[in-house]
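Reader: I'm new to reading structures, and I'd love a close look at one spot where two helices touch. Could you walk me through it slowly and then show me what surrounds it?

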Amino acid sequence: MTASSVSARRYAEAAFELATEAGALDLWAADLRAIAGFTEEPDVAAIFAGGRVPRDQRRRLIDAALAAEVSPLAMNLARLLNERDRLPLARAIQRDFQEMLDARRGVAHATVTTAVPLADDERREIAARLSSLTGKDVDVTPVVDEAIIGGVVARIGDQLIDGSTRTRLLALKRRLEGATR
């Protein structure tokens, strides 16, 4: 883990604790998305990455852009990140916070790769099967990759479920090669 990812995780944990205590998890999630979105605007990112714009001018920019959009506590976080020259961590903080929120709610995210686009009912069926395997509600992000030939490859976190035709063909090829020796 890099130093910046450790820092982002710490900020996210602190925000998550505040949000939990206040019963404002969804509000914080929205606020962190807004802050991250703001910091990723190309002109804004250049201002915060360059270091040539003084902190007080950056703070005025933050106040003008976010004060009406985010809660006061989230605004304090944005200001703190500015003071510590850590505002570029906003997206990582938002992602880590969302990860914690999903874990609390029993939600897992799966990237499901198929050779052809999935129909809605197929997507729901795959989500249901993955949910039964994981014991969590699974949100499916479909990806099309013709190289897998057919079948499904699902990745949930660091878990890989490979039911692709390509993998089955490669396994068959290895068995056939082994049988000829």
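**Where two helices meet**

Author: Let's start right at the contact: from α2 come Ala-34, Ile-35 and Phe-38, and they meet Leu-61, Ile-62, Ala-65 and Leu-66 of α4. Sort the residues of this contact by kind and you get 7 nonpolar, no polar and no charged. Keep in mind that this is a predicted model.

Now for the geometry. Two packed helices are described by the angle between their axes and the distance between the axes. Here α2 covers residues 25–40 and α4 covers residues 55–66. The angle between them is about 125 degrees, and their axes are 11 Å apart. Are they parallel or oblique? With oblique covering what is left outside the ranges under 35, over 145 and 65 to 115 degrees, α2 and α4 are therefore oblique to each other. As for handedness, α2 passes α4 in a right-handed crossing.

Next, who else touches α2? Two other helices come into the picture, α1 and α6. Take α1 (residues 3–22) to begin with. Its buried residues are Ser-7, Ala-8, Tyr-11, Ala-12, Ala-15, Phe-16 and Ala-19. Look at how those numbers step along the chain: an α-helix has 3.6 residues a turn, so residues three or four places apart point the same way. The buried residues of α1 pack against α2, α5 and α6. You can check the length of α1 yourself: its 20 residues, at 1.5 Å each, should span 28 Å, and the end C-alpha atoms are 29 Å apart, which agrees. Right after α1 comes Gly-23, with a positive phi near 65 degrees.

Helix α6 (residues 90–105) can be read in a similar way. Buried in α6 are Ala-90, Ile-93, Gln-94, Asp-96, Phe-97, Met-100, Leu-101 and Asp-102. These buried residues pack against α1, α2, α5 and β1. The length test works here too: 16 residues should give a span of 22 Å, and the end C-alpha atoms of α6 are 22 Å apart, which agrees. Just past α6 sits Gly-106, whose phi is positive at about 70 degrees.

Let's step into the loop between α5 and α6, where you'll find Asp-85 and Pro-88. Most residues other than glycine have a negative phi, and most peptide bonds are trans. Asp-85, though, has a positive phi, near 55 degrees. Is Asp-85 buried or partly exposed? Its relative accessibility is 43%, so Asp-85 counts as partly exposed. Pro-88, at 57%, counts as exposed. To get a feel for distance, the C-alpha atom of Pro-88 is 21 Å from that of Ala-68, a residue 20 places away along the chain.

One last stop: the strands. Thr-113 belongs to strand β1, and its relative accessibility of 16% makes Thr-113 count as buried. Beyond its neighbours within four places in sequence, Thr-113 is in contact with Val-143, Asp-145, Ile-148, Gly-151, Val-152 and Val-153. In the loop between β2 and β3 you'll meet Ile-149. Here is another residue other than glycine with a positive phi, near 70 degrees. Unlike buried Thr-113, Ile-149 is exposed, with a relative accessible area of 52%.

Note on methods:
Residues numbered from 1 in each chain as written. Predicted model: local features only at pLDDT ≥ 70, side-chain atom pairs only at ≥ 80, totals over all residues. Heavy atoms only, no water. Axes fitted to C-alpha atoms, helices over the stretch in contact; angles between N-to-C directions. Helix = DSSP H or I, 4+ residues; strand = E, 2+ residues; numbered from the N terminus. Left-handed = near helix turned anticlockwise from the far one by under 90°. Contact = heavy atoms within 4.5 Å. Nonpolar A, V, L, I, M, F, W, Y, C, P; charged D, E, K, R; others polar. Expected span 1.5 Å × (residues − 1). Buried < 20%, exposed > 50% of the residue type's maximum accessible area, 1.4 Å probe, protein only.
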